[in-house]
Amino acid sequence: MNPPFGGKEGKEAQIPYEYKTGATQVLFIQNVLRSMKPGSRCGIAPDEGVLFRVDAEAFVQTKRKLLEECDVYCMVSLPGGVFSSAGAGVKTNLVFFDKGKQTERIWYYDLSDIKVGKKTPLTLKHFNEFFELLANRGESERSWTIDFATRLQTALVEAQPFSEKAAELRAEPRSFTELRVGDR
């Protein structure tokens, strides 16, 4: 399924949603997440703005909810213009996920370099390698896997010295305050 691209909703239509925004595609994803039962599977075709925009809280929170409540196991980056004949000229992706388990790894497949137009549409032939690799999430020039669990562990290890220093700095003002209070 695909969300409505570029639409805007007023404040009244946003009331039932957890993260308020006028962006219809973000509201659509929130609605899909709310409607899904644990164990159900979904595939959507959102525009890249929904996936990569970080300057609006509703976009960020909706993506966080998607990653925390669902296993986003596959994303396919489509070429620009794939949906232009349907009135949507924005760059899109295919996102596949299962409800009920947090995302640990996302397998990416990149078709963004393919030139599409009226006389050269995106066809099933372009997906041959994708279908060959999908079952095992194989790697190729067009595909790779992002392992969130490993990235999180690496980030925690790298942040440890900074966390320790922050703890020291937070403790210093208390000690100083305690000394001043005791000196009085």
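Helices here are DSSP runs of H or I with at least four residues, numbered from the N terminus. The model is a predicted one. By that numbering, threonine 62 belongs to helix 4, which covers residues 57–69.

Threonine 62 is a useful place to start. Its relative accessibility is 4%, so the residue counts as buried, the cut-off for that class being under 20%. Within the chain, a polar atom of the threonine 62 side chain lies 2.7 Å from the backbone oxygen of alanine 58. Leaving aside residues up to four places away in sequence, threonine 62 touches Tyr19, Val26, Ile29, Gln30 and Leu33.

Several of those partners lead to helix 2. This helix comprises residues 24–35, and Val26, Ile29, Gln30 and Leu33 are among its buried residues. Thr24, Gln25, Leu27 and Val32 of helix 2 are buried as well. The length of helix 2 can be checked against its residue count: at 1.5 Å a residue, its 12 residues should span 16 Å, and the end C-alpha atoms are 16 Å apart, which agrees.

The strands come next, with strand 3 as the point of reference. Strand 3 runs over residues 93–99, and 6 of its 7 residues are buried, so this strand is largely enclosed by the rest of the structure. Strand 1, residues 41–44, pairs with strand 3 in the antiparallel sense over 4 bridges. In strand 3, aspartate 98 is the residue opposite arginine 41. Strand 2, residues 70–77, also pairs with strand 3 in the antiparallel sense, over 7 bridges. Here phenylalanine 97 of strand 3 has valine 72 opposite.

How values were computed. Residues are numbered from 1 along each chain as its sequence is written. This is a predicted model: local features need pLDDT of at least 70, side-chain atom pairs count only at pLDDT 80 or more; totals for chains, interfaces and linings use all residues. Side-chain values use heavy atoms; hydrogens and water are left out. Helices (H or I, at least four residues) and strands (E, at least two) are DSSP runs, numbered from the N terminus. The expected span of a helix is 1.5 Å times one less than its number of residues. Buried means under 20% relative accessible area, exposed over 50%, partly exposed in between (1.4 Å probe, protein chains only). A polar contact is a pair of N or O atoms within 3.5 Å; within protein, one must be able to donate a hydrogen and the other to accept it, and residues adjacent in sequence count only if both atoms are side-chain atoms. Contact means heavy atoms within 4.5 Å. Two strands pair if DSSP finds at least two bridges between them.
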